[in-house]
Amino acid sequence: MAIQQMTMPQLGESVTEGTISKWLVSSGDKVNKYDPIAEVMTDKVNAEVPSSFTGTITELVGEEGQTLQIGEVICKIETEETLNAEETPEKQDASAPKETEAADSPAANNQSSKKRYSPAVLRLAGEHGINLEQVTGTGAGGRITRKDIQRIVDSGVQQQTNTPEPQTAEAAPQQAEKKQPSQPSQPSQPSSAAGDIEIPVTGVRKAIASNMQRSKTEIPHAWTMMEVDVTSMVSYRNSIKDAFKQKEGFNLTFFAFFVKAVAQALKEFPQMNSMWAGDKIIQKKDINISIAVATEDSLFVPVIKHADEKTIKGIAREISDLAKKVKAGKLTADDMQGGTFTVNNTGSFGSVQSMGIINHPQAAILQVESIVKRPVVMEHGMIAVRDMVNLCLSLDHRVLDGLVCGRFLGRVKQILETIDEKTSVY
């Protein structure tokens, strides 16, 4: 027999942690390799985690609702694998009590947490003046995670050092600097009053909040907007939508036309299809359009792969299929990976102007607003009622500048304004 450790898997690009939303097994259960053992949620996807081994669950290390870093142990499984020749059962049995005793002792937990500070934890703790020695970690072996530090920051309570650390003469000036008045701490969290309704924050909402906060704090956002006359497109789509639905079995939405136009423009302006990578900008070869799909309390961003190679019909089919998967809770990790640019259909709920938060690590997001009829001044001073839509672009100013973004939006506008009855959706 051997004890194997299951760790938190990588469930998407740039994903650094996952939250165990539900265990599908209990301690003592027998599992086969590839059997689903847990549902894990990240800021990109909800997915079932399969077992990497065949054996018996001996310990569920992670708890439901707990967030663990990629690579941290989530459970232990006893397998039938043979021990190495030098690891005899007697030696293993003799050492087991010592290992257990060491793991259970507070000193071991404290020592473990002190030695396992990740760069993200050290940076966040340093920014907010938090003493890591007084933080109780919720990670494996008492490890302090970024979530532990963020909870302290959100609570507005900063931990102070009770016992002064020994210092040398060289360190004294630095300590003096530390004792200078610090910045005011964050205000305490609001409390409920009589009649208020408290709504628990689900794991999905926590992941969304974390990702949005990261995008706004890391990415210098800029914003621009352009209005587009889509009268011909609207007339054309309305004239064929019923026959299309009867023939194909799914709806031909306006959104499919917008996604196709964006994909075509991205091919002509590849700078827009880029990502910031610290010391370099990565211009992506594939054009994979992320689309925002909302449920009652959550937001998911599945991806249309190689959108520039698809017809309007092909894009409409993928939009329909992905929306069904979201509503049925059937999205896979692959459905959420690889996005290079996001198009958000904010017009579906009546918005006419909005400023989107960029989907990290992408460089831009385009909000497609409501199509509304407005009087427009035409050539020779004539006024006509036209179908108009606002396209609102948020951009990462580290990667993109106004010139290329203006030209890109202008090209999207041109494509949309020339769609008519001569345009093929196939």
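## Arg214 and its partner in helix 6

Arg214 is partly exposed, at 28% relative accessibility. This value, like the others here, comes from a predicted model. Arg214 forms a salt bridge with Glu218. Their closest N and O atoms are 3.3 Å apart. Glu218 is partly exposed as well, with a relative accessible area of 38%.

Both residues belong to helix 6, which covers residues 203-218. They sit 4 residues apart, so about one helical turn separates them.

## Other salt bridges

How many salt bridges does the structure hold? The count is 14. Side chains of opposite charge can pair when their charged atoms come close.

A pair in helix 11 joins Glu417 to Lys413. Here the closest N and O atoms are 3.0 Å apart. Helix 11 spans residues 402-417, and the two residues are 4 positions apart in it, so about one helical turn lies between them. Glu417 is partly exposed, at 30% relative accessibility. Lys413 is partly exposed too, at 25%.

Lys267 forms a salt bridge with Asp308, with the closest N and O atoms 3.1 Å apart. This pair links distant parts of the chain, 41 residues apart. Lys267 lies in helix 8 (residues 254-268). Asp308 lies in the loop between strand 15 (303-304) and helix 9 (312-328). Is each partner buried or exposed? Lys267 is exposed, with a relative accessible area of 57%. Asp308 is buried, at 18%, because buried means under 20% relative accessible area.

## The sheet 1-8-6-3

Strands of a sheet pair through backbone hydrogen bonds, either parallel or antiparallel. One open sheet has 4 strands, in the order 1-8-6-3. Its pairing is antiparallel. Strand 1 (2-7) and strand 3 (30-31) stand at the edges. Each has a single partner strand, so one side of each is left without a neighbour in the sheet.

Strand 6 (residues 55-60) and strand 8 (residues 73-79) run antiparallel, joined by 5 bridges. Ile57 stands opposite Ile77, which is in strand 8.

## The sheet 5-4-2-7

Another open sheet of 4 strands follows the order 5-4-2-7, and its pairing is also antiparallel. Which strands form its edges? They are strand 5 (46-50) and strand 7 (67-69), and each pairs on one side only. From one strand to the next, the twist averages 40°.

Strand 4 (residues 36-41) pairs with strand 5 over 5 bridges, in the antiparallel sense. The bridge partner of Met41 is Asn46, in strand 5.

## Strand 17, enclosed

Is strand 17 mostly enclosed or open? Of its 5 residues, 5 are buried, so the strand is largely enclosed by the rest of the structure. Both of its faces are covered. Ala364, Leu366 and Val368 are buried on one side. Ile365 and Gln367 are buried on the other.

Strand 17 pairs with strand 16 in the parallel sense, over 3 bridges. In that pairing Asn344 has Gln367 of strand 17 as its bridge partner. Strand 17 also runs antiparallel to strand 19 (residues 383-396), with 5 bridges joining the two. Val368 has Leu391 of strand 19 as its bridge partner. Val368 is thus a residue of a covered face and also part of a bridge.

## Met355 and a nonpolar surface patch

Strand 16 (341-344) and strand 17 (364-368) have a loop between them, and Met355 lies in that loop. Met355 is exposed, with a relative accessible area of 53%. The cut-off for exposed is over 50%, so Met355 meets it.

Which residues form the nonpolar patch on the surface with Met355? They are Trp223 and Met225. Together the three residues have about 290 Å² of accessible area.

## Cysteines

A disulfide is a covalent bond between the sulfur atoms of two cysteines. The search of the whole structure finds 0 disulfides.

Where do the cysteines Cys392 and Cys405 stand, buried or exposed? Cys392 is buried, with a relative accessible area of 0%. Cys405 is buried as well, at 0% relative accessibility.

Notes. Residues numbered from 1 in each chain as written. Predicted model: local features only at pLDDT ≥ 70, side-chain atom pairs only at ≥ 80, totals over all residues. Heavy atoms only, no water. Patch = residues over 30% accessible without salt bridge, like charges linked within 9 Å, V, L, I, M, F, W, Y side chains within 5 Å. Areas by Shrake-Rupley, 256 points an atom, 1.4 Å probe, with all protein chains shown as cover. Salt bridge = Lys/Arg side-chain N within 4 Å of Asp/Glu carboxyl O. Buried < 20%, exposed > 50% of the residue type's maximum accessible area, 1.4 Å probe, protein only. Pairing = 2+ DSSP bridges. Axes fitted to C-alpha atoms, helices over the stretch in contact; angles between N-to-C directions. Disulfide = S-S within 2.5 Å.
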